[in-house]
Each structure stands twice: as structure tokens, then as C-alpha cells.
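The following account leads through a protein model, from its cysteines to its charged pairs and its nonpolar interior. Please keep the sequence and the coordinates at hand while reading.

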Amino acid sequence: MDLGGKACLVTGATKGIGRAIARALAAAGADVVISARTSSDVERVAGELNPGATGRVVGFAADVSRPEECLGLIDEAVGALGRLDVLVNNAAVGILTSIEGLSVEDWQTQIDTNLRGVFCCAKAAVPHLKSTEGWIINIGSLAGRNPFAGGSGYNASKFGLVGMTEAMMLDLRHSGIRVSMVMPG
């Protein structure tokens, strides 16, 4: 696959699925902005991914649970790459425990990161994606369709992400923006 000339942003990109996505995009020729909460992790991973990349990899730290940081991240990505073609919303938090042991703060952390973060990043990216007929790819989970014990907060966030993704697709399809979800599990 040749993604030369494409500009991509991947949140939650310093480990796991996000890192693998960023690596694959950069190897296919895309210029990629990676993001995660910790600056040192972002800098380290960008440095590790660049040598194997056909495109370039740039990193910016951002906590997607904070709306103002989502807006800043999109602005930094567009500033660094000159455009935005693909937004991959991968950042997520899973705090797996029984409803009895789940604190209100841990519940809110999951909702703010896994749901509000996707909303805020997508909302900030839409004007840029309209001009490139871009793509929003939300990384969900089979936990968005299959509840499990100890997953009340995580399941709620991922079930919500499924509904939000489907509604975003309906909202944006006539604007030239494609919206998809990948549900690993």
C-alpha cells in the first residue's frame, strides 16, 4: 500500500495497537503524528519509528481526556504536516473491576478518555478532514458489543463509542469524510 503524501494522526500511539498502526502507516509512506500523554514516551517512540519509516514520524504529547489538549493536538498535527487526511482515535484506558470497587473517578477517567477524547479529537479534525476528504478511524473493542464482569466502566465507554461512531458516519458521509471502527478483541 502506498500512502505517500498522506498525513495521519494516531492517538495512544506509544504502545500496543496504536504503535503498530503508526508503524504501518509510516512504513507505507504516510507522514504520521503520534500522540500519548507522556512527552518522553512520545519522543522515544517517534525516534524508534522514524528509521523504519518511508514517511516521517513526529510526536506531540496530549491527554485526550482534556478537550483543550485535543484541539491543540489537531492544530499541532496540521501545523507539522500541513494537512490531515486520517485521524486514528486509539487512546483508551481500561480500569477493570467490579461495580462495587470502581470509583467515580475511575469511571470518569474511562468515559473522558475513551469517549469524550474521541469526540473532541474528531470534532476538531472535521474541518481539516473535509478539505482532504479524509477518514476518521475509531479503535473500539469487542467490549463495545460484549459485556463482561468487571467491565462496567470500560464496556460503557466502548458501547458508547460504537453508537457515536455510527452516528458520526451518518453525520459526515455527505461531507466526504469516511468514518470507520475497528473492534479488536
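**Cysteines, salt bridges and cores**

The structure holds 0 disulfides. Cys8 takes part in none, and the nearest cysteine sulfur, that of Cys121, is 15 Å away. Cys8 is buried, at a relative accessible area of 1%. The model under discussion is a predicted one.

A second cysteine deserves attention in this context. The sulfur of Cys120 has its closest cysteine sulfur in Cys70, at 4.9 Å. A disulfide requires the two sulfur atoms to be within 2.5 Å, and the separation between Cys120 and Cys70 is therefore too far for a bond. Cys120 is likewise classed as buried, with a relative accessible area of 13%.

Charged side chains provide the next step. The structure contains 8 salt bridges. In one of them, Arg83 is paired with Asp85, and the closest N and O atoms are 2.5 Å apart. The two partners differ in exposure class: Arg83 is partly exposed, with a relative accessible area of 35%, whereas Asp85 is buried, at 3%. Elsewhere, salt bridges with shared partners connect Arg19, Asp41, Arg44 and Glu48 into one network.

Within that network, the side chains of Glu48 and Arg44 meet in a salt bridge with an N to O distance of 3.5 Å. Both residues belong to helix H2, which spans residues 39-49. Glu48 and Arg44 are 4 residues apart, about one turn of the helix. Glu48 counts as partly exposed at 39% relative accessibility, and Arg44 falls into the partly exposed class at 40%.

A further salt bridge joins the side chains of Arg66 and Asp63, again described by an N to O distance, here 3.5 Å. Arg66 is partly exposed, its relative accessible area being 42%. Asp63, by contrast, is buried, with a value of 18%. The class boundary matters for this residue: buried means under 20% relative accessible area, so Asp63 at 18% is counted as buried.

The nonpolar interior can now be considered. The largest nonpolar core comprises 31 residues, and those with the most contacts inside it are Leu9, Ile74, Leu87 and Ile136. Two or more residues of this core are supplied by each of strand S1 (7-10), strand S3 (57-61), helix H3 (67-81), helix H4 (104-132) and helix H5 (152-172). The largest share, 8 residues, comes from H4. Apart from this core lies another, of 21 residues, among them Leu3, Leu25, Ala26 and Val57.

Which residues surround Leu9, once its neighbours within four places in sequence are left aside? Leu9 is in contact with Val33, Ser35, Leu73, Ile74, Ala77, Leu84, Val86, Leu87 and Val88. Two of these partners, Ile74 and Leu87, are named with Leu9 among the residues that have the most contacts inside the largest core.

The last feature concerns the backbone. Glu133 has a phi angle near 50°, a positive value in a residue other than glycine. Where does Glu133 lie? Glu133 is found in the loop between H4 and strand S5 (135-139). With a relative accessible area of 52%, Glu133 is exposed.

Notes
Residues are numbered from 1 along each chain as its sequence is written. This is a predicted model: local features need pLDDT of at least 70, side-chain atom pairs count only at pLDDT 80 or more; totals for chains, interfaces and linings use all residues. Side-chain values use heavy atoms; hydrogens and water are left out. Buried means under 20% relative accessible area, exposed over 50%, partly exposed in between (1.4 Å probe, protein chains only). A salt bridge is a side-chain nitrogen of Lys or Arg within 4 Å of a carboxyl oxygen of Asp or Glu. A nonpolar core is a set of buried Ala, Val, Leu, Ile, Met, Phe, Trp, Tyr and Cys residues joined through side-chain atoms within 4.5 Å. Contact means heavy atoms within 4.5 Å.
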